[in-house]
Amino acid sequence: MPGPLSFAVLGPVRAWRGRSEIDLGTRQQRLILALLLARAGGAVSVAELVDLLWASDPPPSAVNVVHRHVGMLRRRFEPGLPTRAAGSVLIRDGAAYRLRIDGESLDLLRFRRLVAEAGGGSGESAVVLYREALALWRGRCAADLRAAGPAHPEFVAVDGERYAAVRAATDAALRAGHVHAVLPAIRLAAEHEPLDEALRARLLLALAADGRRAEALAAYADVERRLADELGIQPGADLRAARDRLPDHDAPAGASRSARDVGAAPGGAEAHFRTDLSQQPGAEPPAQLPADHPYFAGRRGVVAAAEELLAGDRKPTVLAIDGMPGVGKTTLAVHLAHRLAGRYPDGQLHADLRGFDPGGTPMPPAEALRGFLWSLGVAPAAIPAEPHAQAGLYRSLLAERRMLILLDNCRDWDQVRHLLPGAGGSLVIATSRRRVTGPGGAQPLHLDPLTDAEARELLTRWLGDAAAADSAAVDGIVARCGGLPLALALVATRTLGRPGLSLPAVAAELAGADGRLAGFGDAHADLERVFSWSYRALTPEAARLFRLLPLHPTGALSTEAAAALGGLSPRAARGLLAELGAQLLVQPGDGRWRMHGLLRAYAVALGEEHDDPAERAAAVERVHGRHRLGA
């Protein structure tokens, strides 16, 4: 018998039947469900749903479309329900709809119950209830459906309940002397709402209570700058008062501080604070994984291979995912991490190491280590100054734990090796545009572009009915995107963002661009930016050869052909091709080098912009002058 339904809206919108997650369909269907969940069983009118799906200029068929989406959601919740049946979960209420849910089937209702219970309690018991309530949040309300513009007022109101609970939880923790229990929540809330002075004031007091005066001063300087830059105002009285209460120096490791040392906590209560994080009873393990992608598709072979490796007798300690820009390394790594997280009960750590970022400044391993040590409960004063000592402490802390560590956007093996656990049962998942494997049980997982079938599946998940209704346009888009998930996602978001832009029109634009990135419209800038992060990491010689490679008349070329194009010796060409092949070229089993079609278009544009036409003509002439290189 199928299990009961349950729903989540405090983060990405999700639904389950028993332990099986339900596919919620298209973005429009998920938006309808999100508003129904945010209303928590209250009625949502059809007019509100029309406004939600089409902020302006709804089509004449808008009401019928809403009814059709509601019908499809009903059948997802109650499989086998006849097409026009009302069902017992998503029900009609006059000219509105509502969900029939109870207090335990929706995370928002459980959150409200726990907050109400905490507000009626005191001391440590209230802090425990607040922490349990705040642990239900996995991101902003309906996080997977919020575009760049203003969020729906209903979602913003639910977010407001979270921030109110964080403020109340911090006050309770300060009074009870258990600030560590809520410090991660107040940090995250202040990050989401950087101009909320009430949150920032409590963050300062919480940091001071935890013996982190220097960090509290830095937090004050940050909000002072933001308020001046974005609003043209100075910090208010409460925020300034919190700053003035900071002690004169950081507390030493293991020291205790009282409320008198940092000033009265909000509400005028005095409290006794502990700063040794590792001694706090019942501390929650870190849970730092980003949200799983709501439209993840394909990659079944790679996921199965990873799980098979981890089920074997000689389990790898590192799964190192590599592949070209935009191929979906981070998306796969996060998805895989969520699948595996249950095997690692001591929590998850995550760091973006900025190996290939527009700033060009990879994160030093020591910076990542300090962040991990903080997350593992080490007070700042107890963190060693030397990186090798930090790494030793990190490995010691992980030796008796089973944790999952996600290292995204790695530059090279040297950046990764300091962040690996030693003994113990932890797992590292690392992503890079280069192969970063080294000694010590690292297992490479190379990621190729999606197959045509996987690409169609991804587009259908994004676009729903529109993709299912026009397979010819979808096939054309898939062919032009070459299986690159980034390109497919840009096409999907562009189509969703412009309701008047049909799929056949998008496919025609791509076909008419003759292989150039301009066929992606405004989204071509996003492709160029992501590709540029790898291009800027090349040596000048490799960058020059990259710009010349599209001049070869075939889609695959030998080392000798590359040498002819660049006017290089075969030895020099071999070295430059190896540098390019780390992230921008593919060398299949036949030994010839190939370039993805979208990277080829990017290289063509770069060559036309930066290279002398005479030099490019000479490169073509060198290839034609050596007939054996064209074979």
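Contact here means heavy atoms within 4.5 Å. Helices (H or I, at least four residues) and strands (E, at least two) are DSSP runs, numbered from the N terminus. Axes are lines fitted to C-alpha atoms, for helices over the stretch in contact, and angles run from 0 to 180 degrees between N-to-C directions.

This is a predicted model, where local features need pLDDT of at least 70 and side-chain atom pairs count only at pLDDT 80 or more, while totals for chains, interfaces and linings use all residues. Residues are numbered from 1 along each chain as its sequence is written, and side-chain values use heavy atoms, with hydrogens and water left out.

## The chain as a whole

There are 27 helices and 15 strands in the chain. Of its 631 residues, 48% are buried, with buried meaning under 20% relative accessible area, exposed over 50%, and partly exposed in between (1.4 Å probe, protein chains only). Take the contacts with a separation of 6 or more: 67% of them come from residues 24 or more positions apart. The chain exposes about 27,800 Å², and carbon and sulfur atoms supply 52% of that area; accessible areas come from the Shrake-Rupley method with a 1.4 Å probe, and for residues only the protein chains shown count as cover.

## The three-stranded sheet

Let's start with the open sheet of three strands, ordered β4-β6-β5 with antiparallel pairing. Its edges are β4 and β5 (90–93), and each has a single partner strand, so one side of each is left without a neighbour in the sheet. Two strands count as paired if DSSP finds at least two bridges between them. For β4 and β6 (residues 96–99), the antiparallel pairing runs over two bridges, and V44 has Y97 in β6 as its bridge partner. Helix α3 (residues 62–77) lies across β5 and β6, running at about 140° to β5.

R39 sits just along the chain, in the loop between α1 (27–38) and β4 (44–45). It's partly exposed, with a relative accessible area of 21%. Leaving aside neighbours within four places in sequence, R39 is in contact with V44, E48 and E154. E154 is 115 residues from R39 in sequence, yet their C-alpha atoms are 7.5 Å apart in space. The side chains of R39 and E48 make a polar contact of 2.8 Å. A polar contact is a pair of N or O atoms within 3.5 Å; within protein, one must be able to donate a hydrogen and the other to accept it, and residues adjacent in sequence count only if both atoms are side-chain atoms.

## The five-stranded sheet

The other open sheet has five strands in the order β10-β11-β12-β9-β13, with parallel pairing. Here β10 (348–352) and β13 (442–446) stand at the edges with a single partner strand each, so one side of each lacks a neighbour in the sheet. From one strand to the next, the twist averages 15°.

β10 pairs with β11 (residues 404–410) in the parallel sense over five bridges, and L349 stands opposite I405 in β11. Helix α12 (residues 300–311) packs on the sheet, touching β9 (318–322), β12 (427–432) and β13, and its direction makes about 170° with that of β13. Helix α14 (residues 365–375) also packs on the sheet, touching β10 and β11, at about 155° to the direction of β10.

Strand β11 also holds D408, which is buried with a relative accessible area of 10%. Beyond its neighbours within four places in sequence, D408 is in contact with T330, H350, A351, D352, L353, R354 and T431. With T431, the side chain of D408 makes a polar contact of 2.4 Å. L353 is 55 residues from D408 along the chain, and their C-alpha atoms are separated by 6.0 Å.

## Odd backbones and cysteines

Two residues other than glycine have a positive phi:

| Residue | Phi | Loop | Relative accessible area |
|---|---|---|---|
| A142 | about 55° | between α5 (123–134) and α6 (153–176) | 0%, buried |
| R299 | near 65° | between β8 (272–274) and α12 | 7%, buried |

How many disulfides does a search of the whole structure find? Zero, taking a disulfide as a pair of cysteine sulfur atoms within 2.5 Å. C410 is buried, with a relative accessible area of 0%, and C481 is buried with a value of 0% too.
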